Amino acid sequence: MLEIEDLKVYFRTNAGIVKAVDDVSFEVRKGENFTIIGESGSGKSVLAQAILRLLPKNAEICGRIIFNGKDLLKLSEKEMRRIRGKEIAWIPQSQTSLNPVLNVGFQCAEPLMEHFRMDKKSAFARIIRIFEFLGIGGNRIREYPHQFSGGMRQRVLVAMGISADPKLIIADEPTKGLDASKRSQIVELFRKIGDKTMLIITHDINFAENLADRIAVMYCGKIVEVSPAKEFFREPLHPYSRGLLDSLPSRGLKPIKGFQPSMINPPKGCRFRERCEFAREICKDEPPLISLNGRFVRCWLYDRGNWD
Amino acid sequence: MNRLCVTGLGIILLMVILGLLAPLIAKNPYKTDLKDRLEPPSLKHPFGTDQLGRDLFSRVLWGARTSLFVALTISLISMSLGCIIGAVSGYFGGIIDDIIGRIIDVFLAIPELVFNIALVGIFCAAYGVSTWNVILAVVITNWVSYARITRGIVLSLKEREFVLCAKAIGAGEWYILLRHVIPNSIGPIVVLATLNMGNVIMTIASLGFLGLGIQPPTPEWGQMINAGKDYITTAPWLTFFPGLFIALSVLGFNLLGEGLRDVLERRSFIE
Amino acid sequence: MIEGIGIRKVYKSGIFGGKAVVAVDRVDIRIGECETVALVGESGSGKSTLGRILLMLIKPDEGRVVFDGIDLTKLKGKELRRIRTKMQLIPQNPEEAFDPRWKIYDSIAEPLRIHKLADSRKEEEGVILELIKAVGLKEEHLDRYPHELSGGELQRAVIARALTLNPKFMVCDEPTSMLDISTQASIVRLLMEFQKKLGISYLFITHDLELAKVVADRILVMKNGKIVAEQS
């Protein structure tokens, strides 16, 4: 459904080139929930925005983003606009993404009227059904964003995303800034639309554990591991994935030593090397992406030629 | 460096240098020569002469001195006054804020120029004619905008966590106000002050034009336009050159102000 | 150590104060020496307000705050400021915790300067270098401005600043909710380490029950301004 091949996104800044996404490849299969986990500064949000070509002009993108056979990077802006919202929906981070002076119903109906030339009445009728399905309440359609709580606003954003029945939904940090109890409501919400193909970007590991079919872990612009969710949480492969899970309060609250390196001058070879307890001499070379029983990991530990 | 800033600063510097060099490059602005009345611009008199035969170039240059000096005095006084009142009002809140807030509202409700005219009239009647009347009158209407802006900035800064943290380490109220709140509000206030300089120059010229400002024979642009308006068909340079200088200096300050705003706002955006 | 008795705080809004919100409703809370009490609740449950009242950053409408046998609600300006050195706040958003115009060094030195605790510039520098190493930062961080540091580094600097005054009690108001998971782990471990070393009591405010279970000796659950449950 969506294939990303050798994607690179660089930003030129005064301080140097920021390699926000560096040589990333993965594939989202039809019907699955593919979740990218990463901490702030890992480049995960940039990756999501690159897919929809929403990045600012100073970003340099190369590689291929193939969606249903079309390379999105080769499309014109006009063709791209037809894909956004209709084929690929974007659920932005909560709170400020709604227009405060328009009622929520209109904002959700807009893509329907735009892409399917639906008239206002039938578009609104459909939005009311979606609102009821998501537990917002169809009668709130004429209310304005400020009348909704944080969790409810997130629901409205989801409603807006699914209104045009897109083939792929990309959600960026859907639980950011929400309380623990609100988070579980958002998990329920995403379960309800679980039959859709979804690419979720999050730093919230609990959220990923509850929803994902497959998990990708991003560190410093690179994807270091791609695994089916169940196996990932049972036995993470990459040392960073392991460190990340162990730093959860429920798994011992063990910190990873050191700090995340700067994106301008990341260490050569494996970028996690300086914080890794298994680091060896060979880690100074770029590790290959190693396939292991349907899982992928970018770490020298799993390279058969180097087992000693 | 921002292009607006540079252009604005260039114009202002030109004005300031011309004003400062007036004693060197200009002739005596008071010397009348009835033989040379209403001469058009020439090599001898680059801007021509006025109805009393005075060299207009010299008068315009000396006028730059008057206008810029008076405008700067007014701005500095009203800025210090306005900022302190606004900061105290916003930071301490409560009944002080209520009273100051209402006073600001009253001042904002009266049209500025009308208020100025009335004040100058009262001061003239009470203390006689003097430049200080103009300064005082404009300060009285001008501090309000500073107070209003400062109050707003301080109100939002007060809620920031670093102010709370300062309180938690045992800092006193005045310490926090002087060390944290005021320094952080200086950026927007500098922008306001620059933009406001243009306004003040206009106000001074307006009062001068109405005959209420700085009195002849002291050269002042507004008053020169007033004197020249009777000859506007026969000697248009009498109104043109002072008008040009008013426009240029207002433009200079506006450009600089806009430029500063761009620079400061972009920086706070990055931060 | 510190005790809040019958604390109540009402916020009035609307033009005539017609709408009143009871943020904290007659709460009793006691935190012993070297103890960590976690205060768990949703946003809007009043947990932050309660924390700030214990630090006397907000005046309660009713009730008393007793610290080491002294009733803080009866103290005036200067005395209260002196007592404040013994209790500190670790705020939620480290990016907001420092004056953006000050270098990190000056911000950490500020408490020493306000209370005139260092006799010379050299002594001040010594104290700060020692602290900065203890929280896991490097000397080079001191010369930077807040926006040049990451959230985790800033929160370490916040901790360093709080420790300059040798506090006996700290309120950690969701200190890791804006941070990444791995950074959260290191910050919380750091706080726990200092507690053991220096014998500080914590009120640890969080909405993450899992985190509270790891950190705290006792957990208080707050809802609608009241403490509704306690578990240890």
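Below is a chat about how the labels on this predicted model were reached.

Me: Before anything else, what are the ground rules here?
Reply: It's a predicted model, where local features need pLDDT of at least 70, side-chain atom pairs count only at pLDDT 80 or more, and totals for chains, interfaces and linings use all residues. Residues are numbered from 1 along each chain as its sequence is written, chains are lettered from A and ligands numbered from 1 in the order in which they are written, and side-chain values use heavy atoms, with hydrogens and water left out.

Me: Why is the Arg214(A) and Glu32(A) pair called a salt bridge?
Reply: The label calls for a side-chain nitrogen of Lys or Arg within 4 Å of a carboxyl oxygen of Asp or Glu. Here the N to O distance is 2.9 Å, so the pair fits the rule. Over all chains, the count by this rule is 42 salt bridges.

Me: What does the Arg214(A) and Glu32(A) pair tie together?
Reply: Arg214(A) sits in strand β9 (residues 214-219) of chain A, and Glu32(A) in the loop between β2 (16-28) and β3 (33-38) of chain A, so parts 182 residues apart in sequence get tied together. Helices (H or I, at least four residues) and strands (E, at least two) are DSSP runs, numbered from the N terminus.

Me: What makes Arg214(A) and Glu32(A) count as buried?
Reply: Buried means under 20% relative accessible area, exposed over 50%, and partly exposed in between (1.4 Å probe, protein chains only). Arg214(A) comes in at 9% and Glu32(A) at 8%, so both get the buried label.

Me: How do you know that Glu174(C) and Lys47(C) form a salt bridge, and are they buried or exposed?
Reply: Their closest N and O atoms are 3.2 Å apart, so the salt-bridge rule is met. Glu174(C) is in the loop between β7 (169-173) and α6 (181-198) of chain C, while Lys47(C) is in helix α1 (residues 47-54) of chain C, 127 residues apart. With relative accessibility of 10%, Glu174(C) is buried, and Lys47(C) is buried too, at 4%.

Me: Why are Glu140(C) and Arg144(C) called partly exposed?
Reply: Glu140(C) has a relative accessible area of 46% and Arg144(C) one of 26%, so each falls between the buried and exposed cut-offs. These two also form a salt bridge, with closest N and O atoms 3.2 Å apart. Elsewhere in chain C, shared partners join Arg8(C), Asp25(C), Arg26(C), Glu62(C) and Lys226(C) into one salt-bridge network.

Me: How do you know that Cys270(A) isn't in a disulfide?
Reply: A disulfide is a pair of cysteine sulfur atoms within 2.5 Å. The closest cysteine sulfur to that of Cys270(A) belongs to Cys283(A), 5.9 Å away, so it's too far for a bond. Cys299(A) is in no disulfide either, as the nearest cysteine sulfur, in Cys276(A), is 6.2 Å away. Both Cys270(A), at 12%, and Cys299(A), at 8%, are buried. The count over all chains is 0 disulfides.

Me: What makes β6 and β11 of chain A edge strands?
Reply: Two strands pair if DSSP finds at least two bridges between them. The open, mixed sheet has 8 strands in the order β6-β7-β8-β3-β9-β10-β12-β11 (chain A). β6 (88-91) and β11 (290-292) each have a single partner strand, so one side of each lacks a neighbour in the sheet.

Me: How do you know that β7 and β8 of chain A pair?
Reply: There are 5 bridges between β7 (residues 168-172) and β8 (residues 197-202) of chain A, so the two-bridge minimum is met. The two strands run parallel, and Leu168(A) stands opposite Thr197(A) in β8(A).

Me: What about β1 and β2 of chain A?
Reply: β1 (residues 2-13) and β2 of chain A pair over 9 bridges in the antiparallel sense, with Gly16(A) in β2(A) as the bridge partner of Thr13(A). They belong to an open antiparallel sheet of 4 strands, ordered β2-β1-β4-β5 (chain A).

Me: Why are chains A and B said to have no contact?
Reply: Contact means heavy atoms within 4.5 Å. No contact joins chain A and chain B, and their closest C-alpha atoms lie 13 Å apart. Of the 2 pairs of chains that touch, B and C have the most contacts.
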